[in-house]
Amino acid sequence: MSIVVRDVLEHELDSVLALNNAAGPAILPLDAHRLQYFYERAEYFRVAERDGMLTGFLIGMGDGAGHDSSNFRWFRERHGEFFYIDRIVVASRRRGGGVGRAFYADAQSYAELRYPQMACEVLLQGGTDPVMLFHGTFGFHEVGQHVMPETGLRAAMLMKPLCSYPWVRETYGRDLPDAPWIHTPRTQRLDRARAAGGRA
């Protein structure tokens, strides 16, 4: 069956939380309060669905976000404009089935219209070679390492240039065409829904 990548719905947050906290040591745990923080503030928060079941999620935001992650701050202190992937989680039973690549393709198609590069980190613990290999084959390279003060864990800090961005910026600036395949940032849609007195 095909993989569908779409925006998360608020009633799915419990399932997203369960996926995150079952992912193992490569993913930092979340609680419901922190996940609600992401739901309200993340520019990009999408889930993957296969056979009618959620199989993963990806959360991302631009460099201008007021994000409190020490890894995000590390990138902002050293690099210019970027789209930051805070976390990507794929259910263990679906790993190796193309869900991660579907997420990164979707996230890149969003980011390359707005940012010159993508950033993420990989925790350097036992068994991270497959994760580093996955990111390397997708064009990421290490630009440094960072020890997170809140956990004491060391992370490899990765970046990927988005080669389409200069052409998009030169051609359209920030005035992108109004086309269905060009995702509007979630935060704008949430703000419009709240202003109209509805639910996002």
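The expected span of a helix is 1.5 Å times one less than its number of residues. The legends below apply to a predicted model.

**Figure 1. Helix 4 covers residues 99–111.** With 13 residues at 1.5 Å a residue, helix 4 should span 18 Å. The C-alpha atoms at its two ends lie 18 Å apart, so the model agrees with the expected value. Buried positions in helix 4 are V99, G100, F103, Y104, D106, A107, Q108, Y110 and A111.

**Figure 2. The protein chain contains seven helices and seven strands.** In sequence order the elements follow the pattern β-α-α-β-β-α-β-α-β-α-β-β-α-α. The chain has 200 residues, and 46% of them count as buried. Of the contacts between residues at least 6 apart in sequence, 67% join residues at least 24 apart.

**Figure 3. S70 sits in helix 3, which runs over residues 70–78.** The relative accessible area of S70 is 4%. Buried means under 20% relative accessible area, so S70 is buried. Leaving aside residues up to four places away in sequence, S70 touches H146, M148, P149 and E150.

**Figure 4. E12 and R6 form a salt bridge through their side chains.** The N to O distance in this pair is 2.5 Å. E12 has a relative accessibility of 8% and therefore counts as buried. The structure holds eight salt bridges. Side chains of opposite charge can pair when their charged atoms come close.

**Figure 5. D7 and R46 form a salt bridge, with their closest N and O atoms 3.0 Å apart.** This pair links distant parts of the chain, since D7 belongs to strand 1 (residues 4–7) and R46 to strand 2 (residues 44–50), 39 residues apart. The two partners are assigned to separate exposure classes by their computed areas. D7 is partly exposed, at a relative accessible area of 24%. R46 is buried, at a relative accessible area of 9%.

**Figure 6. R174 and E81 meet in a salt bridge between their side chains.** The N to O distance is 3.2 Å. The pair links distant parts of the chain, 93 residues apart. R174 lies in the loop between helix 6 (165–172) and helix 7 (186–195), and E81 lies in the loop between helix 3 and strand 4 (83–90). R174 counts as exposed because its relative accessibility is 62%, and exposed means over 50%. E81 counts as partly exposed, at 31% relative accessibility. Elsewhere, R6, E12 and E49 are joined into one network by salt bridges that share partners.

**Figure 7. The second largest pocket holds about 350 Å³ of space.** Its lining has 20 residues, of which R114, R174, L176, P185 and Q188 are the closest to its centre. The lining of the second largest pocket divides into seven nonpolar, five polar and eight charged residues. R174, one of the residues closest to the pocket centre, also takes part in the salt bridge with E81.

Key
Residues are numbered from 1 along each chain as its sequence is written. This is a predicted model: local features need pLDDT of at least 70, side-chain atom pairs count only at pLDDT 80 or more; totals for chains, interfaces and linings use all residues. Side-chain values use heavy atoms; hydrogens and water are left out. Helices (H or I, at least four residues) and strands (E, at least two) are DSSP runs, numbered from the N terminus. Buried means under 20% relative accessible area, exposed over 50%, partly exposed in between (1.4 Å probe, protein chains only). Contact means heavy atoms within 4.5 Å. A salt bridge is a side-chain nitrogen of Lys or Arg within 4 Å of a carboxyl oxygen of Asp or Glu. On a 1 Å grid over the protein atoms alone, a cavity is a set of points where a 1.4 Å probe fits but cannot get out, and a pocket is an open set with protein on both sides within 12 Å along at least five of seven lines; lining residues have an atom within 4 Å of a point. Grid points are joined across faces, edges and corners, and a volume is the space filled by probe spheres set on the points. Ala, Val, Leu, Ile, Met, Phe, Trp, Tyr, Cys and Pro count as nonpolar, Asp, Glu, Lys and Arg as charged, and the others, Gly among them, as polar.
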